[in-house]
Amino acid sequence: MSTASMAKGTTLPTALPWPGLLALSTAAFTAVMTELLPAGLLPRIAPSLGVSEARVGFLVTGYAVASFAAAIPLTALLRGLPRRLVLVGALVGLAVSNAVVALSSSYTLTFAARLSAGCMGGTLWAMLVGYAARMVPAERRGRAIAVVLGGITLALSLGVPAGTVLAEALGWRTAFGVLTGLALLLAGWVRWQVPGFPGEGPRARTPLTRVARLPGLPVVLSVTLLLLLGHQVMYTYVAPFAAHSGFGRTGLLLLVFGAATVAGLWVTGLLVDRHLRTTLLAALALCAAVMLTLGLYARSPAVLLVSVALWGAGFGGAPTLIQTALVDASGPGRADMATSLQTTVYNAGIAAGSLTGGVALENLGAEALPWTALPLVAAALATVALGRRHAFPAVRRRT
């Protein structure tokens, strides 16, 4: 089937459009790499820009804040434009921002480029899931979203470590140069293989406030916030928790967690379209059980490693399940605005969860972290269990 026919709304193919979905997955990979790569290169970037490592760390913070702040307004501003044009434009913007970072010797200019990259990233995150949902029939929607979000998992588990190794071997500027080339090539790939969809006409645009009140949407956003709060309480401070438990090899724990998220995402991709509610309940129940186990038995190295693996497996599939429920609730045509709301809530959960964990660590000690996370994850589980009418129905709507 041609790109043109898909854009006109004719029958979608039952098989997954792999070239287009892999292009969107690579876009997710590129955005995560752009956001997080400086975190592993602080000692190398700092001398080049003549600033402290702490100020280089603000390059990651600035990206995240810009992504958080720009997702909703930019999505609303650009919603009338052809979707593929906006997607290609965001990728070209990422490429330009990374090129400036690779060439700049000024911290101020570099920071401005990172803010620009964050705006492009926020625009991408608001588009990718809805785009994937519009490329496939409803019964393949969950699997398509899993493919796209797999780019995040790949970036976290392999991409960032590989980028750090490349920077150590050839220099950090080379690493950002490679990201520049990847984004430009990806823009061409998207133009070639991803179908074009029209923007929303003025009369078809649902106001943001009405999107936020769509049946089921507030519940899905609440689950997103609660899960990210609980997750970040533990994940941000996994190093001091491991040290408190007598297990000093934080790198091994993160490797186990990353590998388990890949497995969790793979299993989710098989189940999401047929058993979304059941799979999400099982994933959240697993995460809650892990927090309880860590609170009681984390001083056993074997229990700690197994618990972290199960935590990764449960959490690895949760974003795909929640995103699919979000698109089901909003409908693919309003998914960009709904996803922009979720992007903001997601980042708010990360920030608030890290803050909550820091307060618990400072005042109560590392042993309090799983007990702080447990009620938040349990609340997410209870919200899914109660939200069976619109947000997480037993039988999914085929919008």
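Is valine 211 buried or exposed, and what is its relative accessible area? I looked this up in a predicted model. Valine 211 has a relative accessible area of 0% and is therefore buried, the cut-off being under 20%.

**Entry 1: valine 211**

I placed valine 211 in helix α9, which covers residues 208-212. I then listed the contacts of valine 211, leaving out residues up to four places away in sequence. Valine 211 touches Thr206, Leu217, Met337, Ala338 and Leu341. I also took one distance for valine 211, to serine 25. The two are 186 residues apart in sequence, and their C-alpha atoms are 26 Å apart in space.

**Entry 2: threonine 75**

Next I went to threonine 75, in helix α4 (residues 53-78). I noted 6% relative accessibility for threonine 75, so this residue counts as buried. Where does the side chain of threonine 75 reach? I found it at 2.5 Å from the backbone oxygen of alanine 71. Setting aside neighbours within four places in sequence, I recorded contacts of threonine 75 with Ala70, Ala126, Asp336, Met337 and Ser340. Met337 is thus listed for threonine 75, and Met337 is listed for valine 211 too.

**Entry 3: α4 against α6**

I stayed with α4 and checked its packing on helix α6, residues 107-134. The axes of α4 and α6 are 6 Å apart, and the angle is about 40°. That angle lies outside the parallel, antiparallel and perpendicular ranges, so I put α4 down as oblique to α6. I noted the crossing of α4 past α6 as right-handed. Sorted by class, the residues of this contact are 17 nonpolar, 8 polar and 2 charged.

**Entry 4: α13 against α16**

How do helix α13 (residues 276-297) and helix α16 (residues 369-386) pack, and at what angle? I read an angle of about 160° and a separation of 9 Å between the axes. The cut-off for roughly antiparallel is over 145 degrees, so α13 is roughly antiparallel to α16. I noted that α13 and α16 cross in a left-handed sense. From α13 the contact takes in residues including Arg277, Leu280, Leu284, Cys287, Met291 and Leu296. From α16 I wrote down several, among them Pro370, Trp371, Leu374, Val377, Leu381 and Val384. By class, the α13 contact with α16 has 19 nonpolar residues, 1 polar and 1 charged.

**Entry 5: α12 against α14**

I then turned to helix α12 (residues 250-271) and helix α14 (residues 301-330). Their axes come within 6 Å and cross at roughly 40°. I entered α12 as oblique to α14 because of that angle. The passage of α12 over α14 is a right-handed crossing. On the α12 side I listed residues including Leu252, Val256, Phe257, Thr261, Gly264 and Thr268. On the α14 side the contact includes Leu304, Val308, Trp311, Gly312, Phe315, Gly316, Gly317 and Thr320. How many residues of each class make up the contact of α12 with α14? I got 14 nonpolar, 7 polar and no charged.

**Entry 6: tyrosine 235**

Phe257 and Trp311 belong to the contact of α12 with α14, and I met both again in the list for tyrosine 235. Not counting neighbours within four places in sequence, tyrosine 235 is in contact with Leu254, Phe257 and Trp311. I located tyrosine 235 in helix α10. Its relative accessibility is 32%, between the cut-offs of 20% and 50%, so tyrosine 235 counts as partly exposed. I also looked up glycine 353, which is 118 residues from tyrosine 235 in sequence. The C-alpha atoms of tyrosine 235 and glycine 353 are 9.2 Å apart.

**Entry 7: glutamine 232**

I finished with glutamine 232, also placed in α10 (residues 217-235). The value for glutamine 232 is 10% relative accessibility, so I counted this residue as buried. Which residues does glutamine 232 touch, beyond those up to four places away in sequence? I listed Gly349, Ile350, Gly353 and Ser354. Glutamine 232 and glycine 357 lie 125 residues apart along the chain, and I noted 7.3 Å between their C-alpha atoms.

How values were computed: Residues are numbered from 1 along each chain as its sequence is written. This is a predicted model: local features need pLDDT of at least 70, side-chain atom pairs count only at pLDDT 80 or more; totals for chains, interfaces and linings use all residues. Side-chain values use heavy atoms; hydrogens and water are left out. Helices (H or I, at least four residues) and strands (E, at least two) are DSSP runs, numbered from the N terminus. Buried means under 20% relative accessible area, exposed over 50%, partly exposed in between (1.4 Å probe, protein chains only). A polar contact is a pair of N or O atoms within 3.5 Å; within protein, one must be able to donate a hydrogen and the other to accept it, and residues adjacent in sequence count only if both atoms are side-chain atoms. Contact means heavy atoms within 4.5 Å. Axes are lines fitted to C-alpha atoms, for helices over the stretch in contact, and angles run from 0 to 180 degrees between N-to-C directions. Angles under 35 degrees count as roughly parallel, over 145 as roughly antiparallel, 65 to 115 as roughly perpendicular and the rest as oblique. A crossing is left-handed if the near helix is turned anticlockwise from the far one by less than a right angle, and right-handed if clockwise. Ala, Val, Leu, Ile, Met, Phe, Trp, Tyr, Cys and Pro count as nonpolar, Asp, Glu, Lys and Arg as charged, and the others, Gly among them, as polar.
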